[in-house]
Amino acid sequence: MKTFLKPLSAREERECLERLREGDQEARRLLIEHNMRLVAHVVKKYQNTDYETEDLLSVGTIGLIKAVNTFKMDRGPRLATYAAKCVENEILMLLRSHKKYAREVSLYDPIGVDKDGESVSLVDVIEMDNKDTLEELILDQDIRELYGAFQTCLKPTEQQVIRMRYGLFGSREYTQREIAGALGISRSYVSRIEKKAVEKLRMGMECFV
């Protein structure tokens, strides 16, 4: 696992939080960067899962960003205590969603054959006069396939940008400028990553099996 910056002292953390409250984005960046060691510590608990460490770090970083964005100094505990819960919650949401989608049955999975020997799927046997129900089921299937493509086709950085940009896995939606500030890259670079990732999702939903 990569080496991260040392945590801020209590005094340095409070100074950064006070600066952030005044809108100082550099202070926000420092709070995120100096708490990445905490994210790595939480990730170690979940290394024996289906996800690579880099993917878990990416998801955990979202939780850290949420913590920095919402932490209030008057709550009592230090940021690290609050952030650890946010990081773990974000990872658990990912793991729960993975289990949910993994055990779902596809509408298009074959369930048998008709009298002519043709394959029949679930969607074929749904009552066609109940079009609203059918459309809802197909939409749900499309969403699950999209999440599957998200996990399979996108690189960790692309996942992080798309997750933040579109509020996936329970996250709020972030602007390109906010994402750029959080990741320490330019807004135009975020835009390029987003555009490329969206195109990969559009063209690559067949990656999901």
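Glu15 is partly exposed, with 38% relative accessible area (buried is under 20%, exposed over 50% and partly exposed in between, using a 1.4 Å probe and protein chains only). Its partner Arg11 comes out at 54% and so counts as exposed. The two form a salt bridge, with the closest N and O atoms 2.9 Å apart; the term covers a side-chain nitrogen of Lys or Arg within 4 Å of a carboxyl oxygen of Asp or Glu. Both Arg11 and Glu15 sit in helix 1 (residues 10-21), four residues apart, or about one turn of the helix. Helices here are DSSP runs of H or I with at least four residues, strands are E runs of at least two, and numbering starts from the N terminus.

A word on the input: this is a predicted model, where local features need pLDDT of at least 70 and side-chain atom pairs count only at pLDDT 80 or more, while totals for chains, interfaces and linings use all residues. Residues are numbered from 1 along each chain as its sequence is written, and side-chain values use heavy atoms, leaving out hydrogens and water.

Salt bridges number 11 in the structure. Side chains of opposite charge can pair when their charged atoms come close. One such pair is Lys45 with Glu88, at 2.7 Å from N to O. Lys45 belongs to the loop between helix 3 (36-43) and helix 4 (53-70), and Glu88 to helix 5 (residues 79-103), so this bridge ties together parts 43 residues apart in sequence. Lys45 is exposed at 55% relative accessibility, whereas Glu88, at 21%, is partly exposed.

Glu90 and Lys66 make another salt bridge, at 2.8 Å from N to O. Here Glu90 is in helix 5 and Lys66 in helix 4, so the pair links parts that are 24 residues apart in sequence. Both of these residues are buried. Elsewhere, Glu26, Arg29 and Glu33 are joined into one network by salt bridges that share partners.

Then there is helix packing. The axes of helix 8 (residues 156-166) and helix 10 (residues 187-203) come within 9 Å and cross at roughly 95°; axes are lines fitted to C-alpha atoms, for helices over the stretch in contact, with angles from 0 to 180 degrees between N-to-C directions. The two helices are therefore roughly perpendicular (65 to 115 degrees; under 35 is roughly parallel, over 145 roughly antiparallel and the rest oblique). The residues of this contact divide into eight nonpolar, one polar and five charged.

How values were computed: Nonpolar A, V, L, I, M, F, W, Y, C, P; charged D, E, K, R; others polar.
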